[in-house]
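The exercises below are intended for a reader who is meeting this structure for the first time. Please attempt each task before reading its solution.

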Amino acid sequence: RDRDGELDLEQICKMVDAYLASGMNYFDTAYMYCGGKSESIVKKALVERHPRESFTLTTKLPQWMMDEGIEGRDRIFNDQLARTGAGYFDYYLLHSVEDGANYEGYVKYDCFNWAKKKKEEGLIKHFGFSFHGTPELLDKILSEHPEVEIVQIQMNYADWDNPLIQSGRLYEVLRKYDMPFLVMEPVKGGSLAALPQQVSRIMTQADPNASLPSWAIRFAAGLEHVMMVLSGMSDLDQVLDNTAAM
C-alpha cells in the first residue's frame, strides 16, 4: 500500500514481474482480500500484462458473504470472473472451512456439487478448500467428498504442536488421504522473520547467508505432499528473498 492506504499498482507490477521472472507462477487471491480490491488488482497487474497460460490463479468463495443464500454462489463467482478477467480459475477454494457455521453453510448451499458443475463448464480446473478447523473435521470432509483435489492449511514450524492450529495433526490427516496441499502462513504473519536473538543466532551460525524467513519457507516446502508454499509478500525485497530460498 502507498501512504494513503491505496494499493500501489506500480510496486505490485514490479513484484509480479520479478516473481514470474524467477520461474514461479502461482498467485493466490480471494473475494474479500484488501477490502475487496485484490481480485481487481490481479486483473491490472497480472491478467492484463501476461499471457493467461503463463500463470496459475486461485481465488476463493466466502460463505459468510452469500447474504441472499444459494443465489450468492453464482453472484460472487460471476463477480470474480469480471473482477479478474481471468476467464477461468486454475484452483477454486471454499474459503476458510471450519467447524460450525462456515462448514455447515457450504453444505447447506450445496457448494461441493456446485463446484463440480463449474468444473464441468471449464470455469474451474481444480477444486478444494482452505481450512481453519479441527483434524477431526478435516478427516470427515475428505472421507465424504472424494471430489476435493486440494486443501490449503496454515502450517509452520511454530504451529506444529500449537493446540489451536494443530498443523502437525492436520498434516497427518492429509497424508492419510494422499492429498496434495497448499501451505499458508509459513512465516506466521511475519513473526518468524523477526525471531528472539537466542533463536536467530542459532540459524545465523548454521547458515550466515540464509535469511530468517527462508528457514520457515524451506521447512514448509520440505514436507511430503506440499504442492505450493504461499507467502504474503509486501515488497520487492521479500519477493526476491522468498524466490531465492525456493
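**Exercise 1.** In which strand does Gln 154 lie? Determine also whether Gln 154 is buried or exposed, and describe its surroundings.

*Solution.* The model examined here is a predicted one.
Step 1: Gln 154 belongs to strand S5.
Step 2: The relative accessible area of Gln 154 is 14%. Buried means under 20%, so Gln 154 counts as buried.
Step 3: Leaving aside residues up to four places away in sequence, Gln 154 touches Phe 131, His 132, Asp 159, Ile 165, Ser 167, Met 184, Glu 185 and Lys 188.
Step 4: With Asp 159 there is also a polar contact, side chain to side chain, at 2.9 Å.

**Exercise 2.** Describe the sheet by its strand order and the sense of its pairing, and explain why one side of S1 and of S7 is left without a neighbour.

*Solution.*
Step 1: The sheet is open and consists of seven strands, ordered S1-S2-S3-S4-S5-S6-S7, with parallel pairing.
Step 2: Strand S1 (26-28) and strand S7 (226-229) stand at the edges; each has a single partner strand, and therefore one side of each has no neighbour in the sheet.
Step 3: On average, neighbouring strands of the sheet are turned by 25° against each other, direction ignored.
Step 4: As one example of pairing, S3 (residues 89-97) and S4 (residues 124-131) are joined in the parallel sense over six bridges. Within S4, Gly 128 is the bridge partner of Leu 93.
Step 5: Helix H7 (residues 167-176) lies across S4, S5 (150-154) and S6 (181-184), and runs at about 165° to S5.

**Exercise 3.** Which residues of the largest nonpolar core touch the most other members?

*Solution.*
Step 1: The core has 72 residues, and those touching the most other members are Leu 61, Leu 94, Phe 129, Phe 131, Leu 138, Leu 142 and Val 151.
Step 2: H1 supplies the largest share of this core, seven residues.
Step 3: Consider Leu 138, with residues up to four places away in sequence not counted: Leu 138 touches Phe 129, Phe 131, Val 151, Leu 170, Val 173 and Leu 174.

**Exercise 4.** Locate Glu 10 and decide whether Glu 10 is buried or exposed.

*Solution.*
Step 1: Glu 10 is part of helix H1 (residues 9-21).
Step 2: The relative accessibility of Glu 10 is 56%. Exposed means over 50%, so Glu 10 counts as exposed.
Step 3: Glu 10 and Ala 45 are separated by 35 residues in sequence and by 8.3 Å in space, C-alpha to C-alpha.

How values were computed:
Residues are numbered from 1 along each chain as its sequence is written. This is a predicted model: local features need pLDDT of at least 70, side-chain atom pairs count only at pLDDT 80 or more; totals for chains, interfaces and linings use all residues. Side-chain values use heavy atoms; hydrogens and water are left out. Two strands pair if DSSP finds at least two bridges between them. Helices (H or I, at least four residues) and strands (E, at least two) are DSSP runs, numbered from the N terminus. Axes are lines fitted to C-alpha atoms, for helices over the stretch in contact, and angles run from 0 to 180 degrees between N-to-C directions. Contact means heavy atoms within 4.5 Å. Buried means under 20% relative accessible area, exposed over 50%, partly exposed in between (1.4 Å probe, protein chains only). A nonpolar core is a set of buried Ala, Val, Leu, Ile, Met, Phe, Trp, Tyr and Cys residues joined through side-chain atoms within 4.5 Å. A polar contact is a pair of N or O atoms within 3.5 Å; within protein, one must be able to donate a hydrogen and the other to accept it, and residues adjacent in sequence count only if both atoms are side-chain atoms.
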